[in-house]
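Colleague: Please put the model up, and then I will ask about it point by point.

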Amino acid sequence: VAYYPFNGNANDASGNGENGYMINTVGTTNRFGAPNSALYFNGTNASVAISNQFLDIGNDYTLSMWFCTFDASWQFQELVNSRPNPAIDVMYNAALHGGDLYLDFSIGTGTDWLQPTQQHGAKRNYVAHQWYHIVAIKSGSSYSTFVDAVLDASFARSPGSRLVGLQIGSTLINSGDSWPATGVYGIMDDV
């Protein structure tokens with residue numbers, strides 16, 4: 001549906017035209033050492049927003065991304081989410097419901113989170129300044145997350161169908177939202 005190599009911009013390289021816009025991000029070196037081929041996020045107000053609602057949460061999908069945190073203890077590192085529509089949330093170190101230092105995957109209907117909201121994996125030994133390949137897959141009502149090609153978690157939910165847009169690297173905060181305005185403190189690439 002979309003591919004963001006972050007080669008100096010947030011354009012969709014898939015040809016589908018789902019371009020994002022960068023907010024306080026900076027081009028940086030990717031995992032191969034190529035300059036201006038990944039994006040640095042400052043952990044507080046940097047993100048890539050794709051405002052077009054193009055992803056149908058009722059269909060099967062795969063979210064794949066490379067992530068390198070600069071501080072493994074930094075809380076609420078939003079990798080990809082569908083806020084303000086509660087449908088998809090892939091986050092590192094959510095620090096909610098026992099999810100600290102884990103990769104979390106939350107699913108919702110687009111109007112409300114499905115309970116229990118947060119599902120976290122087993123891996124808990126992330127290291128700062130190391131690249132991780134994160135993959136979240138929806139197939140039917142089954143959801144799975146993989147870290148570096150190793151299954152981290154799996155669960156079942158039935159969210160229904162709804163189109164949502166995506167936010168990469170941070171949470172879109174609405175007026176009156178109690179969610180902390182934090183995000184990735186590090187680098188993301190090839191989303």
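Colleague: Which residues does Ile 168 touch, not counting residues up to four places away in sequence?

Modeller: This is a predicted model, where local features need pLDDT of at least 70, side-chain atom pairs count only at pLDDT 80 or more, and totals for chains, interfaces and linings use all residues. Residues are numbered from 1 along each chain as its sequence is written, and side-chain values use heavy atoms, with hydrogens and water left out. A contact is a pair of residues with heavy atoms within 4.5 Å. By that rule, and with residues up to four places away in sequence set aside, Ile 168 touches Tyr 4, Phe 6, Phe 41, Ser 47, Val 48, Ile 50, Leu 79, Val 80, Met 188 and Val 191.

Colleague: Which residues have the most contacts inside the largest nonpolar core?

Modeller: A nonpolar core is a set of buried Ala, Val, Leu, Ile, Met, Phe, Trp, Tyr and Cys residues joined through side-chain atoms within 4.5 Å. Buried means under 20% relative accessible area, exposed over 50% and partly exposed in between, with a 1.4 Å probe and protein chains only. In soluble globular proteins, nonpolar side chains tend to be buried together. The largest such core here has 39 residues, and those with the most contacts inside it are Ile 88, Ile 168 and Met 188.

Colleague: Is Phe 6, with its positive phi, buried or exposed?

Modeller: Most residues other than glycine have a negative phi. Phe 6 has a phi near 55 degrees and lies in the segment before strand 1 (21-23), where strands are DSSP runs of E with at least two residues, numbered from the N terminus. The relative accessible area of Phe 6 is 0%, so the residue is buried.

Colleague: And what about Ala 149: buried or exposed?

Modeller: The phi of Ala 149 is also positive, near 70 degrees. Ala 149 sits in the loop between strand 11 (142-147) and strand 12 (150-156). Its relative accessibility is 72%, so Ala 149 counts as exposed.

Colleague: How many strands does the protein chain have?

Modeller: The pattern along the sequence holds only β elements. There are zero helices in the protein chain. The number of strands is 14.

Colleague: Which strands stand at the edges of the open sheet?

Modeller: Two strands pair if DSSP finds at least two bridges between them. Seven strands form this sheet, in the order 2-3-14-5-10-11-12 and with antiparallel pairing. Each edge strand has a single partner, so one side of each is left without a neighbour in the sheet; the two are strand 2 and strand 12.

Colleague: Over how many bridges do strand 10 and strand 11 pair?

Modeller: In the sheet order 2-3-14-5-10-11-12, these two strands are written next to each other. They pair in the antiparallel sense, and the number of bridges is six.

Colleague: Which residues are linked with Arg 31 in a network of salt bridges?

Modeller: A salt bridge is a side-chain nitrogen of Lys or Arg within 4 Å of a carboxyl oxygen of Asp or Glu, and the whole structure has three. Arg 31 forms one with Asp 189, the closest N and O atoms being 3.2 Å apart; Arg 31 lies in the loop between strand 2 (26-28) and strand 3 (38-42) and Asp 189 in strand 14 (residues 185-189), so the pair ties together parts 158 residues apart in sequence. Arg 31 also meets Asp 190 in a salt bridge, at 2.9 Å from N to O. The residues linked with Arg 31 in the network are therefore Asp 189 and Asp 190.

Colleague: How many residues apart are Lys 138 and Asp 60?

Modeller: The side chains of Lys 138 and Asp 60 meet in a salt bridge of 3.9 Å, N to O. Lys 138 is in strand 10 (residues 132-139) and Asp 60 in the loop between strand 4 (47-56) and strand 5 (61-69). Lys 138 is buried at 4% relative accessible area, whereas Asp 60 is exposed at 51%. In sequence, the separation of the pair is 78 residues.

Methods
Helix = DSSP H or I, 4+ residues; strand = E, 2+ residues; numbered from the N terminus.
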